[in-house]
Amino acid sequence: MKTRFLALAAALTLAGPAFAEGDAAKGESDFKKCKACHMIVADDGTEIQKGGKTGPNLYGVIGRAVGSTDFKYGDSIKALGETGLVWDEAELAAYITDPKAWLQDKSGDAAAKSKMTFKLTKGQEDMAAYLASVTAQ
């Protein structure tokens, strides 16, 4: 019994976490890369991050259906949201790495295009953690 427990403990230790957790403070600092297109404004109108309106408001993005706000999304991303796909930290981190590739992969449509052309090359988990923390406020 003790041997099986030690083997299980060793296996879990070597496996590490199922996903990398982001640093919300780093994500907040890195949000300056996103401000040209996105703002974060709470439902009550509180401006958390001033920014552009080219992209959707990112308040509440974690836990929200993909493509479901009043922003004028493309047909491909709206269709994904209609399947019930919801943004979580892992999905958002994958999306901001390469929006077009993510959309093509998720939709199965090689011609799918994203209106977001910016690719975040590092710190994706941090950005997702920050956006999750803002939503929780």
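Good morning. By contact I shall mean heavy atoms within 4.5 Å of each other. With that in place, let me introduce the structure, which is a predicted model.

I begin with the overall layout. The protein chain has 6 helices and 2 strands. Read from the N terminus, its elements follow the order α-α-β-β-α-α-α-α. The chain comprises 137 residues, of which 36% count as buried. Among contacts with a separation of 6 or more, 42% are between residues 24 or more positions apart.

My main subject is helix H4, and I start with one of its residues, glutamate 91. Glutamate 91 belongs to helix H4, which covers residues 89-97. Is glutamate 91 buried or exposed? Its relative accessible area is 16%; because the limit for a buried residue is under 20%, glutamate 91 counts as buried. Leaving aside residues up to four places away in sequence, glutamate 91 touches Leu85, Val86, Trp102 and Lys106. With lysine 106 there is also a polar contact, in which the two side chains are joined at 2.8 Å.

Let me turn to the neighbouring position, alanine 90. Alanine 90 also has its place in helix H4, but this residue is exposed, with a relative accessible area of 55%. At the start of H4, the backbone nitrogen of alanine 90 has a side-chain oxygen of aspartate 88 within 3.2 Å. Alanine 90 and alanine 128 are 38 residues apart along the chain, and their C-alpha atoms are separated by 7.6 Å.

I now take H4 as a whole. Its buried residues are Glu91, Leu92, Ala93, Tyr95 and Ile96. What do the buried residues of H4 pack against? They pack against helix H3 (75-82), H5 and helix H6 (124-135).

The pairing with H5 deserves a closer description. Two packed helices are described by the angle between their axes and the distance between the axes. For H4 and helix H5, residues 99-107, the axes come within 5 Å and cross at roughly 120°. H4 is therefore oblique to H5. On the H4 side, the residues that meet H5 are Glu91, Ala94, Tyr95, Ile96 and Thr97; on the H5 side they are Pro99, Trp102 and Lys106. Sorted by class, this contact has 5 nonpolar, 1 polar and 2 charged residues.

For helix H6, I have chosen leucine 131 as an example. Leucine 131 lies in H6 and is buried, with a relative accessible area of 3%. Again not counting residues up to four places away in sequence, leucine 131 touches Phe31, Ile40, Leu58, Val61, Ile62 and Leu92. The last of these, Leu92, is among the buried residues of H4. Leucine 131 and glycine 27 are 104 residues apart in sequence, while their C-alpha atoms are 7.9 Å apart in space.

Finally, a word on cysteines. A disulfide is a covalent bond between the sulfur atoms of two cysteines. How many disulfides does the structure hold? The number is 0. Cysteine 34 is in no disulfide, and the nearest cysteine sulfur, that of cysteine 37, lies 8.6 Å away. The cut-off for a disulfide is 2.5 Å between sulfur atoms, which is why a separation of 8.6 Å does not qualify. Cysteine 37 is likewise in no disulfide. As for exposure, cysteine 34 is buried, with a relative accessible area of 13%, whereas cysteine 37 is partly exposed, at 33%.

Thank you for your attention.

Definitions and conventions
Residues are numbered from 1 along each chain as its sequence is written. This is a predicted model: local features need pLDDT of at least 70, side-chain atom pairs count only at pLDDT 80 or more; totals for chains, interfaces and linings use all residues. Side-chain values use heavy atoms; hydrogens and water are left out. Helices (H or I, at least four residues) and strands (E, at least two) are DSSP runs, numbered from the N terminus. Buried means under 20% relative accessible area, exposed over 50%, partly exposed in between (1.4 Å probe, protein chains only). A polar contact is a pair of N or O atoms within 3.5 Å; within protein, one must be able to donate a hydrogen and the other to accept it, and residues adjacent in sequence count only if both atoms are side-chain atoms. Axes are lines fitted to C-alpha atoms, for helices over the stretch in contact, and angles run from 0 to 180 degrees between N-to-C directions. Angles under 35 degrees count as roughly parallel, over 145 as roughly antiparallel, 65 to 115 as roughly perpendicular and the rest as oblique. Ala, Val, Leu, Ile, Met, Phe, Trp, Tyr, Cys and Pro count as nonpolar, Asp, Glu, Lys and Arg as charged, and the others, Gly among them, as polar.
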